[in-house]
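Open the model in your viewer and switch to cartoon view. Have the selection tool ready, then follow the stops below.

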Amino acid sequence: PAVPPVAAVLPAGGSGERLGGATPKQFCAVQGRPLVSYTVRAMERIGWISDIIVVVSPENIETMKSIIEKYGHKRVTVVKGGITRHRSIFNGLKVFAENEFSNHLLQKPEVVIIHDAVRPFVEEDILSKVVMAAKEHGAAGAIRPLVSTVIASAADGCLDHSLERARYRASEMPQAFLFDIIYEAYQQCTDYDLDYGTECLHLALKYCKTNAKLVEGTADLWKVTYKRDLYAAESIIKDNLSQQVCVITDVKEVVAQVSSLLHESLQSQIKVEAISTSLSKNDSHLQNILSGQCYNFVCVTDKKCAIQETQQLVDVLEKSNIPLLYPVVLILVHLDASENISFSIGMEELTRLKKFAREVKKKNILVYGLLIQYK
């Protein structure tokens, strides 16, 4: 189904006191990259999200701007947050409706997604489900089953009562709203709500009589709250990195044909990006893939001097400033489509390749070579 004009507001103003340490969790480095950058990247990958508003506390505005610049994030506007969560989200919504918050108003979306900056593993599928549900019902939010039973304590600190776990759900993010509904709810809500409330779906119900549609979310919507969550996030990101590969080909017909077959056969198992480019051109598409932290490459070529191509890719990797904390795997596939029966790569070339592979291994880049005779 066609998705209506959509924007996303990411509150990123938390102080991270539960995490401990001086750095708020949204700016903590995971695999050398701030957590908030992964969440922005998850939104940015989705073409139908037109604007991404990141709301940060005043002292972190410059930090956030430098993250956007360093990682080449697009369609992002940084907004100064308020002293509470609801005040920050309200500020994020105002850039579509009030001149004082933005020197030029952004185009008002039909639907706005609200998503925590510290939930980096959100997928397009759940975003599109909450957006569609919001379009139909006015508001929608992801939910998960409760892990623990919720109990209420009496004034003397003893058990008062417990809730029947099967009847309740944990409210998660993302949430989505028709823009006019959530904006009106924020305009009407009391100072008490703005200062002590946390649940956006509740505001839509209380002030606009909008019953949110609840959408069952997946297990990866959890929020980085404690230090242990950072370690869990790191292992998920490492796992995701090993599940992506970029296939690079020269634009020749034979080479392109082989790479598209490779693309097809890999697709059922891992995420594959395929690009046709000459590495001598500093390709912007390749830069985007690198900034998306793809660490595995298969380079298909029929050039006589394969080592130059490899060197160029290594150069691009080094210039891109991505933290090579995770080994980069670079597989060079040399296609020999000549009628000649003898191998077209001589011993001299092989020795050079081996030496090159030894050198770049010190930089955490693993180079492998494959020679294919192709009729």
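Begin with the pair of strands E7 and E10. This is a predicted model. Select residues 139–145 for strand E7 and residues 169–178 for strand E10. The two run antiparallel, joined by six bridges. Zoom in on Ala-140: across from it, in E10, stands Ala-176.

Now widen the view. Which strand order does the open sheet of seven strands have? Read across it as E5-E4-E1-E6-E10-E7-E11. The pairing is mixed. Colour the edges next: strand E5 covers 76–80 and strand E11 covers 213–216, and each pairs on one side only. From one strand to the next, the twist averages 25 degrees.

Add residues 61–70, helix H2. Helix H2 packs on this sheet and touches E5 and strand E4 (49–56). The directions of H2 and E5 make an angle of about 175 degrees.

Move to the other stop, an open sheet of five strands. Its order is E13-E12-E14-E15-E16, with parallel pairing. The edge strands are E13 (271–276) and E16 (365–373), each pairing on one side only. Here the twist averages 15 degrees from one strand to the next.

Select E15, residues 328–336, together with E16. Nine bridges pair them in the parallel sense. Val-329 stands opposite Leu-366 in E16.

Finish with two helices. Residues 253–267 form helix H9, which lies across strand E12 (244–249), E13, strand E14 (296–301) and E15. H9 runs at about 150 degrees to E14. Residues 347–361 are helix H12, packed on the sheet and touching E15 and E16. The direction of H12 makes about 155 degrees with that of E16.

Key
Residues are numbered from 1 along each chain as its sequence is written. This is a predicted model: local features need pLDDT of at least 70, side-chain atom pairs count only at pLDDT 80 or more; totals for chains, interfaces and linings use all residues. Side-chain values use heavy atoms; hydrogens and water are left out. Two strands pair if DSSP finds at least two bridges between them. Helices (H or I, at least four residues) and strands (E, at least two) are DSSP runs, numbered from the N terminus. Axes are lines fitted to C-alpha atoms, for helices over the stretch in contact, and angles run from 0 to 180 degrees between N-to-C directions. Contact means heavy atoms within 4.5 Å.
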